[in-house]
Every structure is written in C-alpha cells, then in structure tokens.
Amino acid sequence: MRVSVVGLGKLGSPLAAALASKGLEVVGVDLNPAYVQSLQAGKAPVEEPRLQELIDAGRARLRATTDMAEAVRASELSIIIVPTPTGADGAFSNRYVLAAVQEIGKALRDKRDYHVVSVTSTVMPGSTGGEIAAALEASSGRRVGADVGLCYNPEFVALGSVVRDLLEPDMILIGQSDARAGELMERLYRELCENRPPVARMNLVNAEITKIALNTFVTTKITYANMLSGICERLPGGDVDVVTRTLGLDSRIGRKYLQGGIGYGGPCFPRDNIAFALLAKRAGARADIAEATDRLNRHQIDRLFAAATARLPAGGAVGVLGLSYKPDTAVIDESQGVALVKRLAEAGYRVTAYDPQALPNVRAALGDCFAAAESAEACVRGVDRVVVTTAWPEFRTLPASAFARSNTRIEVVDCWRILEADRIGASCTLVYPGKA
C-alpha cells in the first residue's frame with residue numbers, strides 16, 4: 001500500500017515511520033522544510049521514544065516533501081494529521097485540515113485512480129461529513145463516497161508512548177463515507193498493528209462523537225479518583241489507594257486511570273472535555289458531568305498548592321520534580337507541575353524545579369520566576385519541601401543523601417507514589433495525597 005501522511009509533527013512523524021517500518025511505501029508532507037529535511041536525512045524531526053528506531057527500519061520506504069501534489073500522486077491514501085487548535089469558545093478549528101483537504105483535492109484533479117482521504121486530527125462532530133467533505137468535493141471535482149473516499153480515523157495515543165500506542169492499540173476507530181474507503185483503512189491497520197485490536201467501523205459523525213466521548217470518559221474517571229482522594233485525606237485512617245484499588249477489582253469499573261493524584265493535563269484531555277460540553281450545548285443537550293469534571297480538575301491545583309505549602313513558613317524553599325505533563329515528553333500543556341511553580345512563585349515562595357526534558361519550555365513560558373536545577377538531586381538539596389509532580393523513572397533512584405538534613409526533617413509530597421520511605425531516609429516525612 002502507498003500512503004501519504006500530511007503533517008510531520010509529534011504524531012505524524014511517528015505514524016509515517018511506523019507505516020514504513022511495516023513495509024508500506026510512505027511519503028510525508030509538511031509545510032515546515034526543517035521537518036521535511038530531517039526526515040529526508042533519516043533523522044527524527046521531533047523527540048519521541050523509538051521514533052528514530054522506526055525511521056531506521058523503514059528508511060528505504062520513507063521520504064518527505066513539501067509538495068502536496070507529488071505526495072498525492074505517489075499514494076492511494078492520504079492521512080491528514082495537522083493541528084486543530086481550540087478557539088475561544090472551546091471548539092476545534094478546522095482551518096489547517098481544510099487547507100490540507102483543498103490541496104489534496106487540487107492534486108486529485110490530475111489523477112484518475114480512486115483515492116481515500118482520512119482525517120486523523122481531532123475535529124468537532126459534524127465536521128468530516130460537513131465542511132470537510134464539501135471542501136474535498138469542491139477542490140477535487142469528485143463525489144465523496146463515489147469517486148473519492150473520506151474517513152475519520154483518530155488515533156488514541158499519548159505523547160511519550162506514541163509508537164507503542166500506534167503498534168498496539170486497544171482498538172481502531174474508523175468513520176467511513178462508504179464501505180470501500182473503510183475497508184482500505186482497516187487493511188492499513190491490519191498491516192500496522194502488532195496485536196489484533198478490534199476494529200469499529202461506523203459513519204463519520206458517530207466516529208467523531210466517539211473520539212471526544214472516550215477522552216471525556218477517561219477524564220471523568222481520573223477526576224472521580226481525585227475527588228475520592230480529597231475526601232480520604234480528610235478522614236482519619238482514610239487511604240485513597242486502598243479505596244481505588246478495591247473499586248478497580250469490579251469489572252464494571254476497572255483499575256486503569258483510577259488513581260488519586262493530581263489533575264489531568266496535556267494537549268488532548270482538557271480540551272476534549274471542554275469541546276464535549278460545548279457539543280452538547282450546541283445540540284440542545286446537557287453534559288453536566290463533563291462540565292463538573294472540568295471544574296473539579298481545575299480545583300486540583302488548589303489541593304496541590306495546599307499540600308506543597310502546608311506547615312511551610314512564608315518564603316520557604318520548594319523543589320518541584322517534574323514539569324512535563326507526563327514522562328517521556330517535553331510537552332507542558334496544562335501541566336500541573338508548571339501550574340504549581342507559577343502559583344508558588346506568585347505566593348512568594350522560593351522555587352527550584354527540575355525536569356529531564358521540559359525545562360527550556362517552562363523557562364520560555366514562565367521566565368525567571370524559578371531556579372532551574374541541573375539535576376533531580378540538585379533540585380532536592382537545600383529546599384524545605386519537595387513535590388513530585390511527574391513520574392519520571394529517574395526520580396525513583398534519588399539517593400537518601402539528597403534528602404538528608406543536619407537538624408531538621410524535610411517533607412516530600414509524592415503525588416505518584418514513586419518514592420519509598422526506606423530508600424529516601426529517616427530524615428524525610430513522605431506524604432502521599434489522599435492519605436490522612
């Protein structure tokens with residue numbers, strides 16, 4: 001199969017490389033010449049675990065260009081994976097998707113073969129079968145569902161684990177304009193996936209609803225666990241880990257994403273939850289749960305700030321370990337660690353922070369309101385309080401000497417339960433949110 005991938009950013013590059021590594025002929029397209037040049041040279045355009053490994057494996061079948069017409073001519077399927085930024089009202093903007101569709105359509109005017117266009121970027125329900133289909137028909141002179149196929153095929157991946165999530169997904173979701181287009185997409189994923197995930201094929205709008213509904217359900221589960229955490233830490237003997245671990249034994253609930261810790265962040269969960277509530281409002285329906293989830297998630301920074309400053313004198317020194325929204329990425333969108341650094345600095349505390357990848361991004365966002373440590377150990381030394389906000393594996397191996405204090409105890413707030421009291425030493429008081 002010959003595939004063009006439009007957009008070579010954080011998701012597009014791994015997708016292109018993964019497809020090429022499985023034997024497909026792939027041409028990537030991007031307006032950014034640096035991304036194109038990097039991929040042409042066999043180098044990863046973005047940071048993502050295992051991406052370079054896949055590029056090396058599929059090097060003979062992977063190339064890149066800035067010329068959309070060239071890419072369309074060389075493929076039978078075009079996958080669009082460009083940004084859909086959130087507008088002031090919370091809706092996703094389709095402007096980059098529409099621009100890509102129009103260029104693909106123009107190229108299709110000079111091509112006789114049947115072609116499928118698949119939108120992977122997250123869009124508001126009604127978009128693919130609405131303005132996107134209309135733009136494709138107008139620019140190509142073809143009829144969607146007859147002369148050209150159109151699919152909506154979102155990925156359920158997380159930065160830092162994109163490659164794994166692409167190769168071993170829980171499921172494949174395909175919205176299709178017609179059966180022929182859906183069959184081609186399903187065949188693509190049968191070649192890509194290393195497991196045998198179930199494939200759900202449906203019409204375009206149901207697939208669009210499913211995408212944001214799934215993420216909204218996950219955010220609700222995370223927030224429910226955090227709600228329990230806030231209750232447990234206020235009741236003598238309460239322990240949210242005991243409660244959620246037991247709840248997760250029930251097959252109706254399950255254990256994934258059911259851990260009391262900090263609020264969710266990243267480039268997808270917060271905005272998908274808001275967009276879902278907006279979708280319901282526009283449709284004249286109610287989404288009270290999604291709205292409440294968003295409100296309660298925003299409250300989590302208050303809980304985190306309170307835990308970070310409890311019993312700490314005014315102007316005290318706090319070390320924050322972890323600034324990316326999750327491990328194995330430099331992305332700081334809606335990061336609880338970044339929000340905490342900002343809140344502490346504004347309240348007059350002296351803040352030292354460390355992250356293996358995200359420090360440059362945080363410095364660009366927050367300026368010099370905090371001290372950037374050169375290592376996790378340097379971040380811990382000399383502060384009065386430590387807060388672990390991202391579960392980077394290297395934090396587990398911090399030596400007890402880093403926490404040692406000559407004539408005082410240091411309190412360590414470990415939001416992810418990655419530190420062990422026996423390891424970090426007797427001079428520490430280890431605090432887990434959600435435990436009384």
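# Exercises: contacts, burial and a pocket

Arg343 sits over the face of Phe305, 4.7 Å from the ring centre. The model is a predicted one. Work through the exercises below with the structure in view.

## Exercise 1: charges over rings

Find which residue lies over the face of Tyr114, and at what distance from the ring centre.

Solution. Start at the ring of Tyr114. Arg180 lies over its face. The distance to the ring centre is 3.6 Å. Now apply the cut-off: the CZ of Arg must be within 6 Å of the ring centre. Arg180, at 3.6 Å, satisfies that distance. Arg343 over Phe305, at 4.7 Å, satisfies it too.

## Exercise 2: helix H1

Decide whether helix H1 (residues 12-21) is largely enclosed or largely open, and say why.

Solution. First take the length: H1 has 10 residues. Next take the buried ones: Gly12, Ser13, Pro14, Leu15, Ala16, Ala17, Ala18, Leu19 and Ala20. That is nine of the 10, so the rest of the structure largely encloses H1. Last, look past the helix. Gly23 follows H1, and its phi is positive, near 100 degrees.

## Exercise 3: salt bridges across the chain

State how many salt bridges a search of the whole structure finds. Then examine the pairs Glu194 with Lys22, Glu186 with Arg201, and Asp241 with Arg417.

Solution. The search finds 25 salt bridges.

Step 1. Glu194 and Lys22 meet at 2.7 Å, N to O. Glu194 is in the loop between helix H8 (179-192) and strand E8 (199-202), while Lys22 is in the loop between H1 and strand E2 (25-29). The two residues are 172 residues apart, so the pair links distant parts of the chain. Glu194 is partly exposed, at 46% relative accessible area. Lys22 is partly exposed as well, at 32%.

Step 2. Glu186 and Arg201 meet at 2.9 Å, N to O. Glu186 belongs to helix H8 and Arg201 to strand E8, so their bridge ties together parts 15 residues apart in sequence. Arg201 is partly exposed, with a relative accessible area of 31%.

Step 3. Asp241 and Arg417 meet at 3.0 Å, N to O. Asp241 is in helix H10 (residues 240-247). Arg417 is in the loop between strand E13 (410-414) and helix H17 (421-424). The pair is 176 residues apart and links distant parts of the chain. Both residues are buried. Asp241 and Arg417 also belong to a salt-bridge network with Asp239 and Lys435.

## Exercise 4: an aromatic pair

Classify the ring pair of Tyr264 and Phe269 from the angle between their planes.

Solution. The structure holds four aromatic pairs. In this one, the ring centres are 6.3 Å apart and the planes meet at 85 degrees. An angle over 60 degrees counts as edge-to-face. The pair is therefore edge-to-face. Check burial next. Tyr264 is buried, at 5% relative accessibility. Phe269 is buried, at 17%. Both belong to one aromatic cluster with Tyr257.

## Exercise 5: the second largest pocket

Describe the volume and the lining of the second largest pocket.

Solution. The volume is about 350 Å³. The lining has 17 residues. Nearest the centre lie Tyr264, Pro270, Asn297, Arg298 and Glu334. Helices H11 (269-283), H12 (288-309) and H13 (336-346) each supply at least two lining residues. H12 gives the largest share, four residues. By class, the lining has seven nonpolar, five polar and five charged residues.

How values were computed
Residues numbered from 1 in each chain as written. Predicted model: local features only at pLDDT ≥ 70, side-chain atom pairs only at ≥ 80, totals over all residues. Heavy atoms only, no water. Buried < 20%, exposed > 50% of the residue type's maximum accessible area, 1.4 Å probe, protein only. Salt bridge = Lys/Arg side-chain N within 4 Å of Asp/Glu carboxyl O. 1 Å grid on protein atoms, 1.4 Å probe; cavity = no way out; pocket = protein on both sides within 12 Å on 5 of 7 lines; lining within 4 Å. Points joined across faces, edges and corners; volume = space filled by probe spheres on them. Nonpolar A, V, L, I, M, F, W, Y, C, P; charged D, E, K, R; others polar. Phe/Tyr/Trp six-rings, centres within 6.5 Å; stacked < 30°, edge-to-face > 60°. Lys NZ or Arg CZ within 6 Å of the ring centre and 35° of its normal.
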